Amino acid sequence: MAAERSTADILDAAVHVREAARSATTGATGVDTVLAALSEVMAYDHASLSRWDPLRRRHSTLAGTYPDDATAYIETRLHQDPVFPVLRGPDRGGLWLTDVPRRLLAVSPGFQEVLSPLGIEDGVAQCLFAADGRYVGMLNVSTRAPLRTADPARAVVTLLTEALAAAVDSRACPPSEEVATATATATATAPARGARRPGGLSPRELQVLAELTAGRTNREIAERLYITPRTVGTHIEHILAKLDLPNRAAAAARAAAWGIEPSS
């Protein structure tokens, strides 16, 4: 692929990425086709799309070309990297490596232990959020050659995030063995009331309810569950309404009575 491409070429390639993402969302093709299409938007040396597992609190790689040790870092340690809170905001675009403050790179295990030994000079890490505010996963793209500052690929990757989020979102994708396992785990760990979840609460509402037992604020809960504080507030409103309780303290007491506790 030529080093210099027109904006029209990149936009045309972006359309192919969106089509691949839609196909992956319906289960017609695999997520690996999305990464293949993305290589036409920007030439990369390594890339991955991963799904966030809120129950296990780790990422799971759906498709990727990173070496095993780099993949392991993305899956189990990236969300604890000092750079992660900077790129995690749902309102921001992707965080390009060349835009990360040097002071952060100096203390980032992801850069010092993973990217730097691979000779990575540029790339982007993009957190992906569903329309309802849920954090669903990440796009990671790395290249040994720095991109031009004005490269239109920078803007195009940001424009593709909704399609990419749908491709990795377990709720948007057809049921799979992985999703079924996660659902079974959530059901098994939730206290039973007959054959239903307590109070008719959703799995996410049960997670928020569990966090209330620890006395955490909306912002603290948002940080732990990778959603926005506003979304946490909405979940709490629904919890109080469903359980017919006056406040969050009463909700926490009800959760404690049910034996619901936050994950470690």
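# A guided tour of the predicted model

Begin with the whole protein shown as a surface: about 13000 Å² is exposed, and carbon and sulfur atoms supply 53% of that area. The model is predicted, with an average pLDDT of 83 and 86% of the residues scoring at least 70. Colour the chain by confidence and select residues 175-195, where the pLDDT is below 50. Beyond near neighbours in sequence, this stretch has 15 contacts in the model. Where pLDDT is low, the predicted coordinates should not be read in detail.

Switch next to a cartoon representation, in which 13 helices and five strands can be traced. Of the 264 residues, 48% count as buried. Among contacts with a separation of 6 or more, 63% are between residues 24 or more positions apart.

**The nonpolar cores**

Select Val41 and Leu49, the residues with the most contacts inside the largest nonpolar core, which has 35 residues. At least two residues of this core come from each of α1 (7-26), α2 (32-38), β1 (46-53), β4 (122-129), β5 (135-143), α7 (153-159) and α8 (161-168). Helix α1 supplies the largest share, seven residues. A second core, separate from this one, has 25 residues, including Ala70, Phe84, Leu104 and Tyr226.

Return to Leu49 and display its surroundings. Leaving out residues up to four places away in sequence, Leu49 touches Val31, Val34 and Leu35, then Ser60, Thr61, Leu62 and Ala63, and further along the chain Leu128, Met138, Leu139, Leu164 and Val168.

**His59**

Move to strand β2 (residues 58-64) and select His59. This residue counts as buried because its relative accessibility is 0%, the cut-off for burial being under 20%. Show the side chains of His59 and Tyr135, which are joined by a polar contact of 2.6 Å. A polar atom of the His59 side chain also lies 3.3 Å from the backbone oxygen of Ile74. Apart from neighbours within four places in sequence, the residues in contact with His59 include Ser50, Arg51, Trp52, Glu75, His79, Phe84 and Met138.

**Arg154**

Select Arg154 in helix α7. With a relative accessibility of 14%, Arg154 counts as buried. Which side chains make polar contacts with that of Arg154? One is the side chain of Thr98, at 3.0 Å; another is that of Asp99, at 3.1 Å. Add Gly93 to the view: its C-alpha atom is 9.3 Å from that of Arg154, although the two residues are 61 residues apart along the chain.

**Helix α13**

Finish at helix α13 (residues 248-258), and select its buried residues Ala251, Ala252, Ala255 and Trp258. Looking down the axis of α13, one finds these buried residues within an arc of 120°, so they line one face of the helix. They pack against α10 (203-212) and α12 (229-243). Rotate to the other side of α13, where Ala249, Ala256 and Ala257 are exposed.

Then inspect the two ends of this helix. At its start, a side-chain oxygen of Asn247 comes to within 3.2 Å of the backbone nitrogen of Ala249. After α13 comes Gly259, which has a positive phi, near 80°.

Key
Residues are numbered from 1 along each chain as its sequence is written. Side-chain values use heavy atoms; hydrogens and water are left out. Buried means under 20% relative accessible area, exposed over 50%, partly exposed in between (1.4 Å probe, protein chains only). Helices (H or I, at least four residues) and strands (E, at least two) are DSSP runs, numbered from the N terminus. The arc is that of the directions from the helix axis to the C-beta atoms. Contact means heavy atoms within 4.5 Å. A polar contact is a pair of N or O atoms within 3.5 Å; within protein, one must be able to donate a hydrogen and the other to accept it, and residues adjacent in sequence count only if both atoms are side-chain atoms. A nonpolar core is a set of buried Ala, Val, Leu, Ile, Met, Phe, Trp, Tyr and Cys residues joined through side-chain atoms within 4.5 Å. pLDDT is the predictor's confidence in each residue, from 0 to 100. Accessible areas come from the Shrake-Rupley method with a 1.4 Å probe; for residues, only the protein chains shown count as cover.
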